[in-house]
Amino acid sequence: MEKCFIFTQLQYNKQQIKNILSDFIEVTPGQKVVIKPNWVREGHTEKPDEWDYIITHPTLIEAAAEIVVEKLNGNGELKIMDSPMSNSSFRKIVERDNIRQKLLRLNSSGVKVSVLDLRQIRDYMKGDILVSSRTLPGDPMGFFKINLREDSLFHSRQNRQYFGADYDVKQLRELHNERDNIYFLSRSILEADVVINMPKLKSHRLAGMTGALKNMVGITVMKNSIPHYTIGTPDNGGDDYRQKNLWSAFEMKTLGIMRNIWKKKNPAVNSLFIPARKLYAALADKPEKPRIRGGIWYGNDTVWRAVLDLNRIVLYADKNGVMQNTPQRTFLTITDAIHAGENYGPLKPDRKVCGTIIIGKNPVAADTAACFLMGYDYQKIPVVREAYLLKKYPLISSSSPDITIVSSEKRFDNLQNIFWDNSFQFVPPFGWKNHIERRR
């Protein structure tokens, strides 16, 4: 039986948070420790100065890092790292509350502390169109190319017309096909003895919600190795659109042509399409009647597979990148829901103040508890539901949420008693609305 701890009525007070986390962070001198925050983007896409409900708050990261350093007692290594969205500014992310400087000061303890951007490529956008890229150093330790082959959750798929983080669908489909299912993982994450996963709780337009499981996407060094959705409609095994009609057929055909042009990322050429892109968005994506495209709905049958593949790799791959039959490292999840995000998450949600932290050793249990607190039915969230069904490289020992809750708030003591009306009532993204809410 898994156990989760729910602490409520919290603020971003470092000492208060350290007092809570100290009993849960278990490291010993000589170990290599990774803290994996959610550093997806420097701020809200439409309100760039707002960030505290977009990324893991620096106060939590600093508190956890200080505890780790204290317990390593001058002997060990701590890496705080993530692979943000390809067009995000890592510099701006780690300038929030001066978190990079605060973390690097911990080197004075004798513990080697580093802050890493794992990406190999940084993209630049203009008018919602990628126009250029540059190469980044990535993980100084390098990376592993891990091929799950038939053990991947993509192995059974018939439609493999995947779309990922880049216009270059050919590159992605060379990694995921009838023979191969390849991911590029940070070597540092697999060299770790302890991984402290620190997600930000938000709704998510592709996955329904994002928590501990989804946060592990950030251990990849190549963003375009992750399938996000499958071109097509349910009629042909796709999940790009909800239904087949003239509009969806026109868009898929047109976007296919445009992507072949845009994938070259020629600034002069791609910039020519910006006015047309803005006009198209004004006509097709009206706020009062948003359209489902790009897998942003509850029928997305793609992204959860990548998320669970990555979680299985980081749990079972050894320090040489070889999959083993037993877990290879210790995990702890600390979910930041003090300020969370609802509605059109993960990049432009509305602020949701919950004053809550969820702590657990198992990411599936932590995300299950998070779903209940959000007012969501975990069985309607594929990334959580399917995690209970894994036979090979399982992520949790039970097939149902047999979770003991220890909560500072009585109404959260028993998950089965939490429904939409007595939860935090996170507004789902429009493609998931009226589908995932847990009603009585």
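## A viewer tour: cavity, helix pair, pocket and two odd spots

A search of the whole structure turns up one cavity of 30 Å³ or more. Keep in mind as you click around that this is a predicted model.

**Stop 1: the cavity.** Select Lys-32, Val-33, Val-34, Glu-77, Lys-79, Ser-188, Glu-191 and Ala-192, and you have the lining of the largest cavity. The space inside comes to about 50 Å³. Now colour by secondary structure: strand 2 (32-37), strand 3 (77-82) and helix 6 (187-191) each put at least two residues into that lining. Which element gives the most? That's strand 2, with three residues. Switch to colouring by residue class and the lining splits into four charged, three nonpolar and one polar.

**Stop 2: a helix pair.** Two packed helices are described by the angle between their axes and the distance between the axes. Show helix 1 (residues 14-21) together with helix 2 (residues 58-72): their axes come within 9 Å and cross at roughly 50°. The two helices are therefore oblique to each other, and helix 1 passes helix 2 in a right-handed crossing. To see who makes the contact, turn on side chains for Lys-14, Ile-17, Lys-18 and Leu-21 on helix 1. Across from them on helix 2, pick Thr-59, Leu-60, Glu-62, Ala-63, Ala-64, Glu-66, Ile-67 and Glu-70. By class, this contact of helix 1 with helix 2 has six nonpolar residues, five charged and one polar.

**Stop 3: a pocket.** Next, go to the second largest pocket, with a volume of about 280 Å³. Its lining takes in Tyr-241, Arg-242, Gln-243, Asn-245, Trp-247 and Ser-248, then Lys-289, Pro-290, Arg-291 and Ile-292, plus Phe-430. How does the lining of the second largest pocket break down by class? Five of the residues are nonpolar, three are polar and three are charged.

**Stop 4: backbone oddities.** Most residues other than glycine have a negative phi, and most peptide bonds are trans. Zoom in on Asp-97, in the loop between helix 3 (90-95) and helix 4 (99-104). Asp-97 isn't a glycine, yet its phi is positive, at about 55°.

Finally, jump to the loop between strand 14 (330-342) and strand 15 (350-360), where you'll find Pro-346. Check the peptide bond leading into it from Gly-345: is it cis or trans? The bond from Gly-345 to Pro-346 is cis, with omega near 15°.

Notes. Residues numbered from 1 in each chain as written. Predicted model: local features only at pLDDT ≥ 70, side-chain atom pairs only at ≥ 80, totals over all residues. Heavy atoms only, no water. 1 Å grid on protein atoms, 1.4 Å probe; cavity = no way out; pocket = protein on both sides within 12 Å on 5 of 7 lines; lining within 4 Å. Points joined across faces, edges and corners; volume = space filled by probe spheres on them. Nonpolar A, V, L, I, M, F, W, Y, C, P; charged D, E, K, R; others polar. Axes fitted to C-alpha atoms, helices over the stretch in contact; angles between N-to-C directions. Helix = DSSP H or I, 4+ residues; strand = E, 2+ residues; numbered from the N terminus. Parallel < 35°, antiparallel > 145°, perpendicular 65-115°, else oblique. Left-handed = near helix turned anticlockwise from the far one by under 90°. Contact = heavy atoms within 4.5 Å.
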